[in-house]
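Please examine the structure shown here together with its sequence. The report is intended to accompany that examination.

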Amino acid sequence: MKKIFCLFIITLFFVSCETQQKKGPELVSPKQFSEQIAKDKGQLIDVRTPKEFNAGHIEGAKNIHLYDKDFTERINKLDKDETVYVYCKAGGRSAEAVESLKLNGFKHVVELDGGTDAWSEAGKPLKK
C-alpha cells in the first residue's frame, strides 16, 4: 500500500511540473500562432527592424526592434502576466527575444516558428 501511495505522489509531482512548464515559452506553427492570437488577443510583438515591419507585419503587432538600445526598457512596459506573442523574419531574433523576455520575468511567451517567412508560406496575410 505504501508503494502505491509513493508511486501516486511521484506521478502527481511529475504531472504538476509538466503543467507548470507549459506556462513557459512555446514554439508554435503559423497555424497555431494564428489561432492563438485570434483567440487570445495578447501582446503581439514583431522584433524585426522598423523597415522590415513597414514592409509587412502581422495585423495588430507592435514593433519593438530587438537590437534597439531601449529594447529591454520597452518590453518592460508590457504586462508580464499576459501572454506575449513574438516573431521575426525566420526565427533567430525571436528566439533571442524569448530569452530576454524570460530573463525579464514574463510568464508566458509564444514564438512563431519560422517567423514571417513561414507565416507567408502558410498563406497567412501580412499587413502593410
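The following paragraphs treat the overall fold, the nonpolar cores, one helix and two single residues.

**Overall picture**

The model is predicted. Its pLDDT averages 87 over the protein, and 81% of the residues score at least 70. Residues 15-22 are a stretch where pLDDT stays under 50; for this stretch the model has 1 contact beyond four places in sequence.

The protein contains 6 helices and 5 strands. Read from the N terminus, these elements follow the order α-β-α-β-α-β-α-β-α-β-α. The protein has 128 residues, of which 39% count as buried. About 8,100 Å² of surface is exposed, and carbon and sulfur atoms supply 58% of it. Where contacts join residues at least 6 apart in sequence, 69% of them link residues at least 24 apart.

**The nonpolar cores**

The largest nonpolar core consists of 15 residues. Those with the most contacts inside this core are Ile45, Val47, Phe71, Ile75, Val86 and Phe106. Helix 4 (71-75), strand 4 (84-87) and helix 5 (92-103) are the elements that give two or more residues to the core. The largest share, 3 residues, comes from helix 5. Apart from this core lies another, of 12 residues, which includes Phe33, Ile58, Val110 and Trp119.

Ile75 illustrates how a residue of the largest core is surrounded. Leaving aside neighbours within four places in sequence, Ile75 is in contact with Ile64, Ser100, Leu101, Asn104 and Phe106.

**Helix 5**

How far apart are the end C-alpha atoms of helix 5? They are 17 Å apart, which agrees with the 16 Å that the 12 residues should span at 1.5 Å a residue.

The buried residues of helix 5 are Arg93, Ser94, Ala97, Val98, Ser100 and Leu101. They lie on the same side of helix 5, because the arc they cover around the axis is only 165°. These buried residues pack against helix 3 (50-55), helix 4, strand 4 and strand 5 (109-112). After helix 5 comes Gly105, which has a positive phi, near 90°.

**Two buried residues**

Thr116 and Leu78 may be set side by side. The table gives the place and the relative accessibility of each residue.

| Residue | Place | Relative accessibility |
|---|---|---|
| Thr116 | helix 6 (residues 115-121) | 5% |
| Leu78 | loop between helix 4 and strand 4 | 12% |

Why does Thr116 count as buried? Its relative accessibility is 5%, and a residue is buried when this value is under 20%. Not counting residues up to four places away in sequence, Thr116 touches Arg48, Tyr87, Cys88, Lys89 and Leu126.

Leu78 has a relative accessibility of 12% and therefore also counts as buried. Beyond its neighbours within four places in sequence, Leu78 is in contact with Gln43, Ile45, Ile64 and Phe106. Two of these partners, Ile45 and Phe106, are among the residues with the most contacts inside the largest nonpolar core. Leu78 and Gln43 are 35 residues apart along the chain, yet 7.8 Å separates their C-alpha atoms.

Note on methods: Residues are numbered from 1 along each chain as its sequence is written. This is a predicted model: local features need pLDDT of at least 70, side-chain atom pairs count only at pLDDT 80 or more; totals for chains, interfaces and linings use all residues. Side-chain values use heavy atoms; hydrogens and water are left out. pLDDT is the predictor's confidence in each residue, from 0 to 100. Contact means heavy atoms within 4.5 Å. Helices (H or I, at least four residues) and strands (E, at least two) are DSSP runs, numbered from the N terminus. Buried means under 20% relative accessible area, exposed over 50%, partly exposed in between (1.4 Å probe, protein chains only). A nonpolar core is a set of buried Ala, Val, Leu, Ile, Met, Phe, Trp, Tyr and Cys residues joined through side-chain atoms within 4.5 Å. Accessible areas come from the Shrake-Rupley method with a 1.4 Å probe; for residues, only the protein chains shown count as cover. The expected span of a helix is 1.5 Å times one less than its number of residues. The arc is that of the directions from the helix axis to the C-beta atoms.
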